[in-house]
Amino acid sequence: MATLTYYPGCSLKTSSKFYETSIKEVCSFYGIRLKELSDWSCCGASAAHTVDETLAHVLAARNIAMAEADGNHFFAPCSACYNRSKITNEKISKDKELREEINKLISPLQCLGTIEIKNIIEVFHDYVGIERIAREIQYDLSAIKVVPYYGCVLTRIPGVKTFDDVEDPVSMDTLLWAAGTKLVKWPFKMECCGAGKTLTNKDTTLRLSSKIMDMALTTGADMIVTSCPLCQMNLDLLPYLGKAEDNLPVLFLSEVFELALFGRLSGSGSHIIPVDGAVKKVKKK
Amino acid sequence: MDNLEFLHETEKVSGEKISTCYQCYKCTNGCPVAAEMDIVPHRIIRHIILGNKEKVLTSKSIWTCLQCITCSVRCPNDIDVARIFDALRKISVKEHCEADKDTWLFDSFFLDSVRKHGKLHELEAIMNYKLAKRDLFSDAKMGIGMFLKGRMGILPHNVKDRKQLREIFKKIVGERLGR
């Protein structure tokens, strides 16, 4: 039984709480133990590096330092948490000057930048594997057409060797195929949803997220699948942002696994765009 | 090109070798918000090299940027363009000439909440932003919708050692976050 240090990040405790519930259920089925990092703090997300680079590293380093003491791999399901932690971990391990500066600030904690940071796609690949995923599915999802949506910051990490291609990633495609869904090819895997402009420049978010939704509809998909809480939220908020009609449900990757393993969604009530139509397509094997 | 001071400053703050740009336009071509910008990315880079400081720092573009990082991963000279935009934000705020205040304002409230609790209290950051903008109602429907779906927490989540975290914030940004 694998044990991972689980770093939920702020979103998974509030606006995307149902993502956490879903991850926990699926990981428990596969025998992955999630040990939540004790007294974790915010990674700084997009705000910290805009305002102050040092602050961004300090916020990420505090968590990494505490996780290093545990020695397990660090599981960050949120794309922003993953991205920020990965950058700081890498920089601190390579840049002695930065390491000393940051460690002085977070003392008595000490961050060495030695931890292995994993996103949810890597966790499913590395700790379960597509063979086992395909073998153990309990429900037939072959009637559900999905488009995999990776979003920006999961693979776009300048200066860091990324786990998948920055222009055309395929790791989530493979997982969705193994889970038994019908994969649809589409060109918007990596398009930006409008990111953190949801409040400060709503029109931009509406325009970009609508484009993604319309493309998904054009391909005939039944749902969009993502692993990023901000992408999920922006797309799911489309009815409130100004796109009242023609919206497909936006599921988290772990929710597709929930469908394949348990035939239902524990967080269906948290979705703004209704998921019932898609869930009805699940068949008993 | 008699004024290299601004180029050097931006290179220092961003940590990027901006002068290696040869104007291939890849950053602009991949940018999802280029159409909304007053000066498109490759031109911003050129203006930095030419020392047109005011033009760059008062441009709206540096705030239109979404930090989607497409430009950075496509640059043939490995210039992290998004990081340069990030640096320009910092410089323009320092020089009090930012063309758009909303992004910085929201990010400051975001970090203020993290300073207080150690974790982001979404509702608090959003309400503070809305109060500062004197615009409480434009997104009320969206907020209530999220609340009804269980996606908006009322109470903050706090880390145990909040004092230590506040000390760290103070050492790095001083009292600046308070605006």
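1. Chain B of this predicted model contains eleven helices and zero strands, and its pattern, read along the sequence, is accordingly written α-α-α-α-α-α-α-α-α-α-α. Taken along the principal axes, the box filled by the C-alpha atoms of chain B is roughly 55 × 35 × 30 Å.

2. Within chain B, helix H1 (residues 5-14) and helix H7 (residues 81-94) are a pair to look at together, since their axes come within 9 Å and cross at roughly 115°. That angle makes H1(B) roughly perpendicular to H7(B), and the crossing of the two helices is right-handed. On the side of H1(B) the contact is made by B:Phe6, B:Glu9, B:Thr10, B:Val13 and B:Ser14, while H7(B) contributes B:Arg83, B:Ile84, B:Ala87, B:Leu88, B:Ile91 and B:Lys94. Sorted by class, the residues in this contact are six nonpolar, two polar and three charged.

3. A backbone detail of chain B deserves a look at B:Gln23, a residue other than glycine whose phi is positive, near 55°. In general, most residues other than glycine have a negative phi, and most peptide bonds are trans. B:Gln23 is found in the loop that runs between H1 and helix H2 (26-30) of chain B.

4. Turning to chain A, the reader will find an open sheet of four strands in the order S2-S1-S3-S4, with parallel pairing. S2 and strand S4 (117-118) of chain A stand at the edges with a single partner strand each, so one side of each has no neighbour in the sheet. Strands of a sheet pair through backbone hydrogen bonds, either parallel or antiparallel.

5. The pairings in this sheet can be followed strand by strand. Strand S1 (residues 2-6) and strand S2 (residues 32-36) of chain A are parallel and share five bridges; between them the chain passes through helix H1 (residues 17-29) of chain A, in a β-α-β crossover that is right-handed. S1(A) is also joined by two bridges to strand S3 (residues 74-75) of chain A, again in the parallel sense, and S3(A) in turn pairs in parallel with S4(A) over two bridges.

6. Individual residues help to trace the order of the strands. A:Tyr6 has A:Glu36 as its bridge partner in S2(A), and A:Phe75 as its bridge partner in S3(A). A:Phe75, for its part, stands opposite A:Lys118 in S4(A), so that a path can be followed by eye from A:Glu36 through A:Tyr6 and A:Phe75 to A:Lys118.7. The helix of that crossover, H1(A), packs against helix H12 (residues 253-262) of chain A at an angle of about 45°, with the axes 9 Å apart. H1(A) and H12(A) are therefore oblique to each other, and H1(A) passes H12(A) in a left-handed crossing. The contact involves A:Phe18, A:Tyr19, A:Ser22, A:Ile23, A:Glu25, A:Val26 and A:Phe29 from H1(A), together with A:Ser254, A:Glu255, A:Phe257, A:Glu258, A:Leu261 and A:Phe262 from H12(A). By class, eight nonpolar, two polar and three charged residues make up the contact of H1(A) with H12(A).

8. Chain A also holds an open sheet in which four strands follow the order S7-S6-S8-S9, and here too the pairing is parallel. Its edge strands are strand S7 (182-183) and strand S9 (250-252) of chain A, each of which pairs on one side only. Strand S8 (residues 223-226) of chain A is parallel to S9(A) and pairs with S9(A) over three bridges, with A:Val225 standing opposite A:Leu251 of S9(A).

9. Helices pack on this sheet as well. Helix H8 (residues 171-178) of chain A touches strand S6 (145-149), S7 and S8 of chain A, and the direction of H8 makes about 155° with that of S6(A). Helix H9 (residues 202-218) of chain A touches S6, S8 and S9 of chain A, and the direction of H9 makes about 125° with that of S8(A).

10. A last point concerns the backbone of chain A, where a cis peptide bond with omega of about 10° joins A:Ser107 and A:Pro108. A:Pro108 is placed in the loop between helix H5 (96-106) and S4 of chain A, and S4 is an edge strand of the sheet ordered S2-S1-S3-S4.

Technical notes. Residues are numbered from 1 along each chain as its sequence is written. Chains are lettered from A and ligands numbered from 1 in the order in which they are written. This is a predicted model: local features need pLDDT of at least 70, side-chain atom pairs count only at pLDDT 80 or more; totals for chains, interfaces and linings use all residues. Side-chain values use heavy atoms; hydrogens and water are left out. Two strands pair if DSSP finds at least two bridges between them. A crossover is right-handed if, with the strands pointing away from the viewer, the path from the first strand over the helix to the second runs clockwise. Axes are lines fitted to C-alpha atoms, for helices over the stretch in contact, and angles run from 0 to 180 degrees between N-to-C directions. Angles under 35 degrees count as roughly parallel, over 145 as roughly antiparallel, 65 to 115 as roughly perpendicular and the rest as oblique. A crossing is left-handed if the near helix is turned anticlockwise from the far one by less than a right angle, and right-handed if clockwise. Contact means heavy atoms within 4.5 Å. Ala, Val, Leu, Ile, Met, Phe, Trp, Tyr, Cys and Pro count as nonpolar, Asp, Glu, Lys and Arg as charged, and the others, Gly among them, as polar.
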